[in-house]
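I opened my notebook to write down what I looked up, one entry at a time.

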Amino acid sequence: MAASPSTARAINDRLALRLLQREGPLTAGQLKQLTGLSRPTVADLVERLTAAGLIEVAGEAGEQRRGPNAKLYGIVAGRAHLAALDVRTEGVTVVVSDLVGEVLAEAAVPITGDAGTGPAVEQAVALVERTVKEAGADRLHTVGIGAPGLIDPASGELRDSTGLPEWHRRLVAALQERLPEARVSVENETNLAALAEQRDGAARDRDTFVLLWLGHGTGAAVILDGSLRRGASGGTGEIGFLPVPGTSGLPSATDCGGGFHSLVGAAAVAELAAEYGVTAEPGAEPVAAGAVRTAVAVAGPASAPARFLDTLADRIAVGVASVVALLDPGCVVLGGEVGQAGGEALAARVQDRLTVLSPLPAEVRPSALGGGAVLRGALLTARDQAQEELFGAPEH
């Protein structure tokens, strides 16, 4: 069935807007070439999108060209403002951007464990409000939040999780109350990191891969055929609970102790580093990540730092081999603070061990976005949601 004229216009408008988002400002001639639409159709959509306040003249294409055909059209970046939050057990980081994703302001605040739920929520909300003001925004259109823990697939809310602060769950509701005009959504931090690596990082050439999060906690995000998989209860990737050899026991329904987390969680990595005499440089970096970074920097053949990295790679490879055997993703990205600190040196060691353990081929890569992956994923998600609403869905 042929599309109605209004549906065809909506489809063409969205196509042009997506191209402007991806390519930046374009002339009408470039839009014609990239879309394959006729010159009159492109002229109509440019006029329509300009009148709707979605695009504007952003300059001219080259100093030698003048006139209507040289005008560059770009998305009106100030049409909406977005915020992204990376919520951790010890604090919050916030960025505010325009509609095309350019960061206008960024800030962070530490939140201690003894702050109390109410004061912690207020600190985080106040940080968002200050950052919005610093960015020069009147209001927020969309807020994307990345946080540890499981997301309920039915409600889209953080579920109660043992060991995570109560203020995490309260924060989402508080932001929605203080920012009633904004659309607020929350997603698991590892899932957001994977989406960012898929769009802008180590997995840009893959539509199927797994991101293994190695940090304070242990988790995994699964991207299959280009789509994030959450599972029936939102628990896909709870790899910290995976029973593995080399631990002192088995995990339980309420405790991942004895699971894969006991081998590669931050506490286990820090303890392993101490056994090999590897210490982190004093600083803001977590101890486990700092020790791994130090080991990578000073490791020589058969040295204690090299043996530490070898043993850590042995442990990581056990979990990676299990993921590869089950999902055959072809690619595993090592993320989180420890994965970022280990970089190519750790990834290469895990790759060597995986080749021996698994009959299925899989490439092991270090994160390309490092510690900014969660925030980047939250911002990309917020931008996509805002554009979906503002650009309008095609009629059927």
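My entries follow, starting with the sheet and ending with a few single residues.

**Entry 1: the sheet**

Before anything else, I noted that this is a predicted model. I then traced an open sheet of five strands, and its order reads β10-β9-β8-β11-β12, with mixed pairing. Which strands stand at the edges? They are β10 and β12 (363-366), and each has a single partner strand, so one side of each has no neighbour in the sheet. I also looked up the twist: neighbouring strands are turned by 25° against each other on average, if direction is ignored.

As a reminder to myself, strands of a sheet pair through backbone hydrogen bonds, in either a parallel or an antiparallel way. For β8 and β9 I found the antiparallel sense, over six bridges. I picked out one pair here: V210 has V222 in β9 as its bridge partner.

Next I checked what packs on this sheet. Helix α10 lies across β8, β9 and β11, and runs at about 155° to β8.

**Entry 2: the cores**

In soluble globular proteins, nonpolar side chains tend to be buried together. With that in mind I went looking for nonpolar cores. The largest one has 40 residues, and L212, F308, L312, I316, L334 and V350 touch the most other members. Several elements supply at least two residues each, including β8 (209-214), β9, α9 (287-298), β11 and α11 (336-357). Which element gives the most to this core? That is α10, with 10 residues.

I zoomed in on L312. Setting aside neighbours within four places in sequence, I found L312 in contact with V269, L272, V292, V338 and L346. Apart from this core lies another one, of 33 residues, and among them are V121, V143, I151 and W167.

**Entry 3: salt bridges**

How many salt bridges does a search of the whole structure find? The count is 19, and I followed three of them up.

R88 pairs with E189, and their closest N and O atoms are 3.5 Å apart. R88 sits in strand β3 (residues 81-88) and E189 in helix α6 (residues 189-200), so this pair ties together parts that are 101 residues apart in sequence. Are these two buried or exposed? Both R88 and E189 are buried.

E181 and R139 were next on my list, with a salt bridge of 3.6 Å from N to O. E181 is in the loop between α5 (166-178) and β7, while R139 is in the loop between α4 and β6 (142-147), so the parts tied together are 42 residues apart in sequence. E181 counts as exposed because its relative accessibility is 56%. R139 comes out at 44%, so I wrote it down as partly exposed.

My third pair was R353 and D310, whose side chains meet at 3.4 Å, N to O. This one links two helices: R353 is in α11 and D310 in α10, so it ties together parts 43 residues apart in sequence. D310 is partly exposed, with a relative accessible area of 27%. I also found a network, in which salt bridges that share partners join D86, R88, E189 and E337.

**Entry 4: two residues with positive phi**

Most residues other than glycine have a negative phi. I therefore made a note of the next two.

D225 has a phi near 55°, a positive value in a residue that is not glycine. I located D225 in the loop between β9 (218-224) and β10 (227-229). With a relative accessible area of 60%, D225 is exposed.

D328 also isn't a glycine, and its phi is positive at about 50°. D328 lies in the loop between α10 (304-327) and β11 (331-335). Its relative accessibility is 42%, so D328 counts as partly exposed.

**Entry 5: S185 and T117**

S185 is in strand β7 (residues 183-188). Why does S185 count as buried? Its relative accessibility is 18%, and the cut-off for buried is under 20%. The side chains of S185 and Q385 are joined by a polar contact of 3.3 Å. Leaving out neighbours within four places in sequence, S185 is in contact with V143, G144, I145 and Q385.

T117 is in helix α4 (residues 117-134). At 26% relative accessibility, T117 counts as partly exposed. Beyond its neighbours within four places in sequence, T117 touches E166, W167 and R170.

Notes. Residues numbered from 1 in each chain as written. Predicted model: local features only at pLDDT ≥ 70, side-chain atom pairs only at ≥ 80, totals over all residues. Heavy atoms only, no water. Helix = DSSP H or I, 4+ residues; strand = E, 2+ residues; numbered from the N terminus. Buried < 20%, exposed > 50% of the residue type's maximum accessible area, 1.4 Å probe, protein only. Contact = heavy atoms within 4.5 Å. Polar contact = N/O pair within 3.5 Å; in protein donor to acceptor, adjacent residues only side chain to side chain. Core = buried A, V, L, I, M, F, W, Y, C linked by side-chain atoms within 4.5 Å. Salt bridge = Lys/Arg side-chain N within 4 Å of Asp/Glu carboxyl O. Pairing = 2+ DSSP bridges. Axes fitted to C-alpha atoms, helices over the stretch in contact; angles between N-to-C directions.
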